[in-house]
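Q: Please take a close look at the shell around the ligand in this model. Then work outward to the parts of the fold that supply its residues.

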Amino acid sequence: MEKKLIYFDNAATSHPKPEGVIRAMNHFLKEVGANPGRSGHRLSIEAGRIIYEAREGVSQLFGVRDSSRVIFGLNATEAINQGLKGLLRPGDHVITSSMEHNSVMRPLRGLEKEGLEVTVIPCSPEGFLDPEDVNKSIRRATRMVILNHGSNVVGTLQPLSDVGEICQQHGILFFVDAAQTAGAIPIDLGRQKIDLPAFTGHKALFGPQGTGGLIIAERVDEKKLVPLKRGGTGSRSESEEQPDFLPFREAHSGPPPPQLGLRGLPAHPLGAKGNDPQPPGRGRGEDRRDIPFTKQKNLVSS
Ligand SMILES: Cc1ncc(COP(=O)(O)O)c(C=O)c1O
């Protein structure tokens, strides 16, 4: 009798990938194979078109109007490191929860040694965060709240809309680790007031490992994002400085991130809006030091 594999590890990585993803990758590797944006020949233009389509697909999934704000990369880990190291400065205060993945906690603990202040809000025994605890933890130097949307350990979902509302009222960046939820649970940047979602391609987006990205919402000034990796982008090649515009604030090379499994996915309409906004709190100071972590010794990854 033929033995069928039943795979129960989709939260680690989805398997097997849908036929459409395999076909798209096969097509790229066999029929396209060129680097996007580097040349004017047909295959390079086709590679550029594929990456553009993937970027548009991700934008649709997250409710992003301008798809150039999607930065593709290797995985959620890289995207989280980009957002944290690229936007936080010594002296800044960050609020997070006790339900975070190590791809959030380890960069935060590393940055703490360089002068970042971190508050970890304990969640309930069931794994839920109380948005009021976020409100109470906000200080003058609070620059960002970063939360794991869907727990990789117990599966709890955090109240993004409520926390997003609090962040917006205080002028604080709201960073969401959507590694477990992108593609599985509706996420809408505008309605949930998310500034920076990090996603992975290899879980519920059914793409291959080695894909993921960070979205920089329009509210975030991309010029303040210090790149984690500088290098070729296929744009402004005459300049030795990394472009200060998206999506080239971070270096890209190699083939486009394969389809991310997005072509076949139905659109995810966001369900009901979250709870009512929290009451406004005190404003935030603008007196933070302006030395990016990526300029600190031992923190630059490339
Ligand atoms: C909640 C959460 N965040 C981040 C990650 C890291 O994702 P990636 O493998 O894309 O780096 C994972 C992976 O398991 C995860 O579950």
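A: By class, the ligand shell in this predicted model holds 9 polar, 2 nonpolar and 1 charged residues. The residues around the ligand are Asn 75, Ala 76, Thr 77, His 101, Ser 103, Asn 148, Asn 152, Asp 177, Ala 179, Gln 180, Thr 200 and Gly 212. Asp 177 is the charged one. Ala 76 and Ala 179 are the nonpolar pair.

Start with the helices. Ala 76 and Thr 77 belong to the shell, and helix α3 covers residues 76-87. Ser 103 is also in the shell, and helix α4 covers residues 102-112. The axes of α3 and α4 come within 9 Å and cross at roughly 30°. The crossing is right-handed. On the α3 side, Ala 76, Thr 77, Ile 80, Asn 81, Leu 84 and Lys 85 make the contact. On the α4 side, the contact residues are Ser 103, Val 104, Pro 107, Leu 108 and Leu 111. By class, this contact has 7 nonpolar, 3 polar and 1 charged residues. Ala 76, Thr 77 and Ser 103 thus appear in the helix contact and around the ligand.

Now the sheet. This open sheet has 7 strands, in the order β1-β7-β6-β5-β4-β2-β3. Its pairing is mixed. In general, strands of a sheet pair through backbone hydrogen bonds, either parallel or antiparallel. The edge strands are β1 (70-73) and β3 (117-121), and each pairs on one side only. From one strand to the next, the twist averages 20°.

Several strands reach the shell. Asn 148 is a ligand neighbour, and strand β4 spans 142-148. Asp 177 is another, with β5 spanning 173-177. Thr 200 and Gly 212 are there too; β6 covers residues 196-200 and β7 covers residues 212-215. Strands β6 and β7 run antiparallel, joined by 3 bridges. Within this pair, Ala 198 stands opposite Leu 214 of β7.

Helices also pack on the sheet. Helix α6 (residues 160-170) touches β4 and β5, and its direction makes about 155° with that of β5. Helix α2 (residues 42-62) lies across β1, β6 and β7. Its direction is at about 120° to β1.

A few backbone details lie along the chain. Lys 193 has a positive phi of about 55°, although it is not a glycine. This residue sits in the loop between α7 (189-192) and β6. A cis peptide bond joins His 15 and Pro 16, with omega about -5°. Pro 16 is in the segment before α1 (19-32). Leu 246 to Pro 247 is also cis, with omega near 5°. Pro 247 is in the segment after β7.

Last, confidence. The protein chain averages a pLDDT of 83, and 83% of the residues score at least 70. Over residues 264-302 the pLDDT is below 50. Beyond near neighbours in sequence, that stretch has 74 contacts in the model.

Conventions. Residues numbered from 1 in each chain as written. Predicted model: local features only at pLDDT ≥ 70, side-chain atom pairs only at ≥ 80, totals over all residues. Near = placed C-beta within 6 Å. Axes fitted to C-alpha atoms, helices over the stretch in contact; angles between N-to-C directions. Helix = DSSP H or I, 4+ residues; strand = E, 2+ residues; numbered from the N terminus. Left-handed = near helix turned anticlockwise from the far one by under 90°. Contact = placed C-beta atoms within 7 Å. Pairing = 2+ DSSP bridges. pLDDT = per-residue confidence, 0-100.
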